[in-house]
Each structure stands twice: as C-alpha cells, then as structure tokens.
Amino acid sequence: MFCRMGLDLNKRFQQGLAAVGAISLVIGLFLCFTMNDAAGYSMGLFSGMMTGIGAASLVLGIGHLYKISRMSEEMRQKLQNQADDERVRAINAEASRRTVMIVGIAALVISLASALLGNVTVTFTLVGTIYAILICFMIIAHLLEKKM
C-alpha cells in the first residue's frame with residue numbers, strides 16, 4: 001500500500017511525504033542512539049520501524065518531486081488522466097480494502113497467539129494496531145463518501 005502511492009502529481013503531497021519522512025527518520029535515529037539497554041526488543045523494533053519508514057518516505061517524496069519537476073506538462077496531463085481512470089480507481093479501492101482485511105486478520109491472529117503464549121506487550125500492541133487500522137479506514141471512508 002505504501003508503494004501504491006506511485007508518482008502522485010501533487011507537489012504538496014510529495015513535499016508533505018518528504019517532510020513527514022524526515023521527521024520520522026530523525027525521531028527513529030534519536031531513539032536508536034539514546035535508548036539504554038533496558039529499553040528492550042520492542043523499543044528497538046519501534047525505532048527501527050520509524051527509521052525505515054522515515055527513510056523510505058523521504059526518498060519517495062524527494063524522488064517524486066524530482067520526477068515531477070523534470071516532466072513536461074503534456075506528460076503530466078497524460079499521467080493524471082490515467083490515474084483518474086475509473087478502472088484504476090476501482091482496482092486501487094479493491095486492493096486497499098483487501099489489504100486492510102488481510103492485515104487486520106493477520107494482526108488479530110498474531111495477537112491471539114501471543115495472548116495465549118503470555119506476551120502481553122505484543123498482544124496490546126497488535127490489538128491497538130487493529131483498532132487504529134479500523135478507525136483510519138472508517139474515517140477515510142466517511143470523508144471519501146462526503147467528497148464523492
């Protein structure tokens with residue numbers, strides 16, 4: 001889903017993606033270098049995720065901004081028309097829906113398994129992730145219904 005952002009032709013979106021990526025990268029690196037040994041595996045995993053997602057967002061945003069700046073107006077219009085195609089939108093909507101379902105079910109199964117094994121931290125983290133996914137999905141669906 002992250003890579004499906006593709007070459008979005010909106011410069012503000014790409015600037016925001018790069019900015020959020022830079023902030024996330026800095027936070028992840030800060031956590032990585034300031035953590036003490038008692039922080040544990042979960043905190044190390046979190047700082048690694050922040051660093052990785054931040055670096056990927058930063059590179060994607062900067063790379064897409066560079067591509068947009070080098071693109072001719074007619075090529076930009078052609079790509080925008082392709083992105084606005086109803087078939088592409090339907091495919092993206094279905095892919096997003098299936099992704100949310102698969103990730104949600106996988107997180108639920110893993111959280112149940114970790115609960116049975118007695119790992120409370122993993123269980124609460126994954127249950128929180130499930131709720132975050134569902135809440136984001138409902139909010140975005142509601143906003144899109146109003147927009148369309």
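Helices (H or I, at least four residues) and strands (E, at least two) are DSSP runs, numbered from the N terminus. The model on display is predicted: local features need pLDDT of at least 70, side-chain atom pairs count only at pLDDT 80 or more, and totals for chains, interfaces and linings use all residues. Residues are numbered from 1 along each chain as its sequence is written, and side-chain values use heavy atoms, with hydrogens and water left out.

**The whole chain**

Begin with the full chain in a cartoon representation. Its secondary structure comprises 5 helices and 0 strands, in the order α-α-α-α-α from the N terminus. Next, colour by pLDDT, the predictor's confidence in each residue, from 0 to 100. The chain average is 78, and 88% of the residues score at least 70. Among the elements, helix H1 (residues 11–34) has the highest mean pLDDT, 87, and helix H5 (residues 120–147) the lowest, 74. Where pLDDT is low, the predicted coordinates should not be read in detail.

A colouring by accessibility may follow: buried means under 20% relative accessible area, exposed over 50%, and partly exposed in between (1.4 Å probe, protein chains only). Of the 148 residues in the chain, 18% are buried.

**Helix H1**

Select H1. This helix has 24 residues and reaches 34 Å from its first C-alpha to its last, close to the 34 Å expected at 1.5 Å a residue; the expected span is 1.5 Å times one less than the number of residues. The buried residues of H1 include Gln 14, Gly 21, Ser 24 and Gly 28.

**Helix H2**

Move to Ser 57, in helix H2 (residues 40–70). Ser 57 is buried, at 5% relative accessible area. A polar atom of the Ser 57 side chain lies 2.9 Å from the backbone oxygen of Ile 53.

**Two salt bridges**

A salt bridge is a side-chain nitrogen of Lys or Arg within 4 Å of a carboxyl oxygen of Asp or Glu. The whole structure holds 2 salt bridges.

Select Glu 73 and Arg 76, whose side chains meet in a salt bridge (3.4 Å, N to O). Both residues lie in helix H3 (residues 73–83), 3 residues apart, about one turn of the helix. Glu 73 is exposed, with a relative accessible area of 53%.

Then select Arg 98 and Glu 94, whose closest N and O atoms are 2.8 Å apart in a salt bridge. Both belong to helix H4, with a separation of 4 residues, about one turn of the helix. Glu 94 is partly exposed, at 29% relative accessibility. An α-helix has 3.6 residues a turn, so residues three or four places apart point the same way.

**Helix H4 and its end**

Extend the selection to all of H4, which has 31 residues and spans 45 Å from its first C-alpha to its last, close to the 45 Å expected. Its buried residues are Val 100, Gly 104, Ala 107, Ser 111 and Ser 114. Just after H4, Gly 118 takes a positive phi of about 85°.

**From H4 to H5**

Return to Ser 96 in helix H4 (residues 86–116), which counts as partly exposed at 30% relative accessibility. Measure from its C-alpha to that of Phe 137: the two are 41 residues apart along the chain and separated by 9.6 Å.

Phe 137 leads to the final stop, a nonpolar patch on the surface that also includes Tyr 131, Leu 134 and Met 138. Leu 134 is found in helix H5 and is partly exposed, with a relative accessible area of 41%.

Technical notes: Polar contact = N/O pair within 3.5 Å; in protein donor to acceptor, adjacent residues only side chain to side chain. Patch = residues over 30% accessible without salt bridge, like charges linked within 9 Å, V, L, I, M, F, W, Y side chains within 5 Å. Areas by Shrake-Rupley, 256 points an atom, 1.4 Å probe, with all protein chains shown as cover.
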